[in-house]
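Got your viewer open? Let's take a short walk through this structure, one selection at a time.

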Amino acid sequence: MCASPLPSPVSDDTPRTAGQAVSRLRVHAAAVLLWAALGLILGGVTLPAFSVSSFWVFERSYSILGGIVSMAESGQTALAVFVFTVSVLFPVGKIVLGLAAVRQMRAPGARLHRTLPRTLWWLAALSRWSMADVLVLALLVILLNGQLLTTADVHSGIALFALGVIASALGLGLIERAK
């Protein structure tokens, strides 16, 4: 007879129920989606998002951040602050809170888990505004197209930004199901 070695009590090879395995898989998938969303959103706000052409001659491309800076420089500070808040702070804030929740869900210590309900509450509150950032950008393009002899075309920055918002929504949904 061969004696099999006993598993270490500290090892990660302890048997898990199917629910625990699914929950761990969801948390891991949420982390991957949220990191991807962060990269997509940061790329989306820095790459050219739209171009504005006036009189069919003058054309200028703007990134989301460039458009915000342009608004601030032209004296539209309140609009610049609003667009920055909705298009940069909200999406990045949601992702950071989601990553904090993932970290807390992965932590073995109970001390970190005490703040998890509060983090998840903030995520739910911010998720209500999850598409407001894309809506604001769409309204900017519509407003620019409504001006006399001015057209606006969208570029890859908008696509990356929208994909980032979708990836963050999927990641946050997985966190909600894994808790």
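Start with the whole protein chain and switch on its surface: the accessible area comes to about 11,100 Å², and 69% of that belongs to carbon and sulfur atoms. Keep in mind as you look around that this is a predicted model.

Now try colouring by burial. Of the 179 residues in the protein chain, 36% are buried.

Next, swap the surface for a cartoon. You'll find seven helices and three strands in the protein chain. Follow the chain along the sequence and the elements come in the pattern α-β-β-α-α-α-α-α-β-α. If you like, display contacts too: taking those in the protein chain between residues at least 6 apart in sequence, 69% join residues at least 24 apart.

Time to zoom in. Select residues 77–106, which make up helix 3. This helix has 30 residues, and from its first C-alpha to its last it reaches 41 Å, close to the 44 Å expected at 1.5 Å a residue. Where does helix 3 bend? Go to Thr85, where the helix turns by about 35°.

For the last stop, show the side chains of Leu65, Phe84 and Leu89. Together they make a nonpolar surface patch of about 230 Å². Click on Leu65 and you land in helix 2, which covers residues 64–73. Is Leu65 buried, exposed or partly exposed? Its relative accessible area is 30%, so Leu65 counts as partly exposed, because that label covers what lies between the 20% limit for buried and the 50% limit for exposed.

Terms used
Residues are numbered from 1 along each chain as its sequence is written. This is a predicted model: local features need pLDDT of at least 70, side-chain atom pairs count only at pLDDT 80 or more; totals for chains, interfaces and linings use all residues. Side-chain values use heavy atoms; hydrogens and water are left out. Helices (H or I, at least four residues) and strands (E, at least two) are DSSP runs, numbered from the N terminus. The expected span of a helix is 1.5 Å times one less than its number of residues. The bend at a residue is the angle between axes fitted to the seven residues ending there and the seven starting there. Buried means under 20% relative accessible area, exposed over 50%, partly exposed in between (1.4 Å probe, protein chains only). Contact means heavy atoms within 4.5 Å. Accessible areas come from the Shrake-Rupley method with a 1.4 Å probe; for residues, only the protein chains shown count as cover. Patches are made of residues with over 30% relative accessible area and no salt bridge: like charges are joined within 9 Å, nonpolar side chains (Val, Leu, Ile, Met, Phe, Trp, Tyr) within 5 Å. A salt bridge is a side-chain nitrogen of Lys or Arg within 4 Å of a carboxyl oxygen of Asp or Glu.
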